[in-house]
Amino acid sequence: MLAVFTYTCLPSMTSSSKSTMTFPRYLILATVTLTASLGDTFLSVGAKQLGPISLGHVDQLFAAVLNPWIVAGIVLLIGFFASYLTALSWADLTYVLPASSLGYVVIALLSKFWLHEQLSLYRWLGILFITAGVGFVTRGPSFTEHAPATEELNAAETESVSHS
Amino acid sequence: MNISLATGLPVASMIASIVVTATAGDVLTASAMRKIGDLDVIRAHSGLLGAIRAVIASPRFLGGVLCMALSFFALLFALNHADLSLIAPASASLTFVSNAFAAKFFLKENVDRRRALAAICVCIGVALLAH
């Protein structure tokens with residue numbers, strides 16, 4: 001995981017002067033990636049355990065929060081949300097979403113090497129496409145500077161320099 | 001057309017509900033975070049509680065959370081009636097594309113060829129993972 005991130009992310013730190021990314025910020029993107037994929041997996045296990053819910057009993061969806069798998073999924077997704085909001089405060093939505101999509105690759109590789117499931121050629125191609133997409137987006141600038149945001153950013157940088 | 005036997009609803013409409021609400025939630029949340037500013041700076045000035053207060057006091061953020069909650073229940077509902085291998089990749093891959101459009105038009109983000117290509121690559125990749 002770290003190796004893939006290093007391979008796809010480190011070149012952008014040196015090739016783009018407009019990138020606002022630092023190593024701790026890449027760690028936050030990694031947290032977004034892992035908590036989202038694990039949280040979704042836990043939720044899907046919990047949803048299957050609940051059984052079918054008809055349109056006439058939508059209130060049963062609220063009872064879903066008593067299922068342990070769904071509780072664990074929600075806890076992980078709260079961690080995802082905190083790190084996702086942090087990432088959105090210093091990077092564009094169209095940077096954060098593709099950059100954190102490596103979670104799909106992590107799940108596929110876990111199923112191959114941990115659960116010993118067979119990965120078809122389609123899935124390997126899928127992994128290739130996602131990794132390529134992550135590589136493309138992380139080599140570019142992470143933040144679109146608008147006029148007011150630029151002033152705020154400069155003020156923040158000046159203050160952080162004076163604090164250090 | 002693929003129709004859920006339990007609800008009579010087309011599966012496509014379930015996926016569309018997830019995509020629309022997820023995109024609205026992402027765009028509103030991203031817009032709120034851009035308006036609030038760098039959370040690292042706010043936390044340095046006002047502490048963690050100050051950062052949390054700044055986020056939850058934003059009406060756009062609350063609107064985004066409402067849309068995300070709707071998306072969450074739409075996903076839970078869809079997972080209950082259709083296969084995860086169809087719902088998850090279809091909604092996730094389509095959300096990447098809809099988010100790219102929404103970010104360009106609503107957030108005025110610089111969605112250049114690099115980012116468009118990245119969104120398309122991830123969209124195709126997620127769809128291929130379902131096979």
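I started with how H7(A) and H5(B) run: they are roughly antiparallel to each other, since angles over 145 degrees count as that. This is a predicted model, where local features need pLDDT of at least 70, side-chain atom pairs count only at pLDDT 80 or more, and totals for chains, interfaces and linings use all residues. Residues are numbered from 1 along each chain as its sequence is written, with chains lettered from A and ligands numbered from 1 in the order in which they are written.

Next I looked up the packing of the pair. H7 spans residues 121-138 of chain A and H5 residues 113-129 of chain B; helices here are DSSP runs (H or I, at least four residues), numbered from the N terminus. I get an angle of about 160 degrees, with the axes 7 Å apart. Axes are lines fitted to C-alpha atoms over the stretch in contact, and angles run from 0 to 180 degrees between N-to-C directions.

Then I went through the two chains. I find 41 residues of chain A in contact with 42 residues of chain B (contact is C-beta atoms, placed from the backbone, within 7 Å). H7(A) gives the largest share of chain A's side, eleven residues.

Last, the core. The largest nonpolar core has 83 residues, and Leu88(A), Ile130(A) and Ala78(B) have the most contacts inside it. Such a core is a set of buried Ala, Val, Leu, Ile, Met, Phe, Trp, Tyr and Cys residues joined through C-beta atoms within 7 Å; buried is 20 or more other C-beta atoms within 10 Å of a residue's own. Leaving aside neighbours within four places in sequence, I see Leu88(A) touching Leu93(A), Val96(A), Thr29(B), Ala30(B) and Met33(B).

How values were computed
Helices (H or I, at least four residues) and strands (E, at least two) are DSSP runs, numbered from the N terminus. Angles under 35 degrees count as roughly parallel, over 145 as roughly antiparallel, 65 to 115 as roughly perpendicular and the rest as oblique. A residue is buried if 20 or more other C-beta atoms lie within 10 Å of its own, exposed if 12 or fewer, and partly exposed in between; C-beta atoms are placed from the backbone. Two residues are in contact if their C-beta atoms, placed from the backbone, lie within 7 Å.
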